[in-house]
Amino acid sequence: MTIKKQKIMAHIQVPEGVPGIRSLVMFRPETGKHLYDLAEVLLRGESPISQADRELIAAYVSKRNECVFCSSSHAAAARCLYGEDDTTVDDVLKDMNAAEISPKLKALLNIAGKVQILGTQVKQEDIDAAKAQDATDKEIHDAVLIAAAFSMFNRYVDGLASLTPTDPEAYKEMGKRMIQGYALPQKPATT
């Protein structure tokens, strides 16, 4: 995995050294709480889509949005959930259409990719193609909502230039933490 950029300073005064969305929700926990609650429901809550596949959708949309922090951290979480030796995540992020994944997951990722561009890009034929692969209304709903939410999260993280680590090992640790759930981080203690 190649990580391209690292932001040195965020556009606003956030806790130093805290990467990505974590620093932003620590800056404003009253809004951050709701964002973390949404991520918890979308990625860890009840859904007919597996947690690994939901993290993959988040990583896929984030990569398409060129949000290095979110694509790297959610790809790491998906790798943990699929199993470290599984190449699914990297294959999808490299070329979703050539990846060896189920036709249903491809159809859901196709819909998510269209939502990432603009919600109105999703057409009835996209929905019909997913349903032809036995995707349920709830699976389609969840894929669309994950794609929409992560487009917002990506813009939040990059719009405020939050810290984006360049070390792939940092993302491995984040992935391990993220699969435990999305709990609001606490501000670092001041001395």
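Contact here means heavy atoms within 4.5 Å, and that is the sense used for leucine 109 and its partners in the legends below. The model shown is predicted.

**Figure 1. Leucine 109 of helix H6 and the residues around it.** Let us start with leucine 109, which sits in helix H6, residues 103-117. Leucine 109 has a relative accessibility of 0% and so counts as buried. Setting aside residues up to four places away in sequence, its contacts are Leu56, Ile57, Tyr60, Val92, Met96 and Ile101. Among them, Leu56, Ile57 and Tyr60 fall in the span of helix H3, 51-64, while Val92 falls in that of helix H5, residues 88-95. Glutamate 55 can also be located from here: its C-alpha is 11 Å from that of leucine 109, with the two positions 54 residues apart in sequence.

**Figure 2. The whole chain, to place the close-ups.** Nine helices and zero strands make up the secondary structure of the chain. Written along the sequence, the pattern is α-α-α-α-α-α-α-α-α. With a radius of gyration of 16 Å, close to the 16 Å that the globule rule gives for 191 residues, the chain is as compact as a globular protein of that length. Along the principal axes, its C-alpha atoms fill a box of roughly 60 × 35 × 25 Å. Buried residues account for 48% of the 191 in the chain. The accessible surface is about 9,900 Å², and carbon and sulfur atoms contribute 52% of that area. For contacts between residues at least 6 apart in sequence, 72% link residues at least 24 apart.

**Figure 3. Helices H4 and H5 where they meet.** This view takes in helix H4, residues 68-82, and helix H5, residues 88-95, whose axes come within 9 Å and cross at roughly 140°. The crossing makes H4 oblique to H5, because only angles over 145 degrees count as roughly antiparallel. On the H4 side, look for Ala75, Ala78, Arg79 and Tyr82; on the H5 side, the contact is made by Thr88, Val89, Asp90 and Leu93. By type, the residues of this contact comprise five nonpolar, one polar and two charged.

**Figure 4. Lysine 63 in helix H3.** Lysine 63 belongs to helix H3. With 43% relative accessibility, this lysine counts as partly exposed. Beyond its neighbours within four places in sequence, lysine 63 makes contact with Ser71 and Leu93. Leu93 will be familiar from the previous view, as one of the H5 residues in the contact with H4. Glutamine 180 lies 117 residues from lysine 63 along the chain, and 23 Å separates their C-alpha atoms.

**Figure 5. Two loop residues with positive phi.** Which residues other than glycine are featured here for a positive phi value? One is glutamate 66, with phi near 60°, and another is alanine 161, with phi near 55°. Glutamate 66 is in the loop between helix H3 and H4, whereas alanine 161 is in the loop between helix H8 (137-159) and helix H9 (168-178). Are these residues buried or exposed? Glutamate 66 is exposed, its relative accessible area being 62%, while alanine 161 counts as buried at 5% relative accessibility.

**Figure 6. Aspartate 142 in helix H8.** Aspartate 142 is part of helix H8. Its relative accessibility is 10%, which means that this aspartate counts as buried, the limit being under 20%. Apart from residues up to four places away in sequence, aspartate 142 touches Ser47, Pro48 and Ile49. Leucine 43 is another useful landmark: the C-alpha atoms of aspartate 142 and leucine 43 are 9.5 Å apart, although 99 residues separate the two in sequence.

**Figure 7. Proline 29 and proline 185.** Proline 29 lies in helix H2, which covers residues 29-44. At 31% relative accessibility, proline 29 is counted as partly exposed. To find its companion in this view, turn to proline 185, which is 156 residues away along the chain. How far apart are the C-alpha atoms of proline 29 and proline 185? The separation is 8.6 Å.

How values were computed
Residues numbered from 1 in each chain as written. Predicted model: local features only at pLDDT ≥ 70, side-chain atom pairs only at ≥ 80, totals over all residues. Heavy atoms only, no water. Axes fitted to C-alpha atoms, helices over the stretch in contact; angles between N-to-C directions. Helix = DSSP H or I, 4+ residues; strand = E, 2+ residues; numbered from the N terminus. Parallel < 35°, antiparallel > 145°, perpendicular 65-115°, else oblique. Nonpolar A, V, L, I, M, F, W, Y, C, P; charged D, E, K, R; others polar. Buried < 20%, exposed > 50% of the residue type's maximum accessible area, 1.4 Å probe, protein only. Rg over C-alpha atoms; globule rule 2.2 N^0.38 Å. Areas by Shrake-Rupley, 256 points an atom, 1.4 Å probe, with all protein chains shown as cover.
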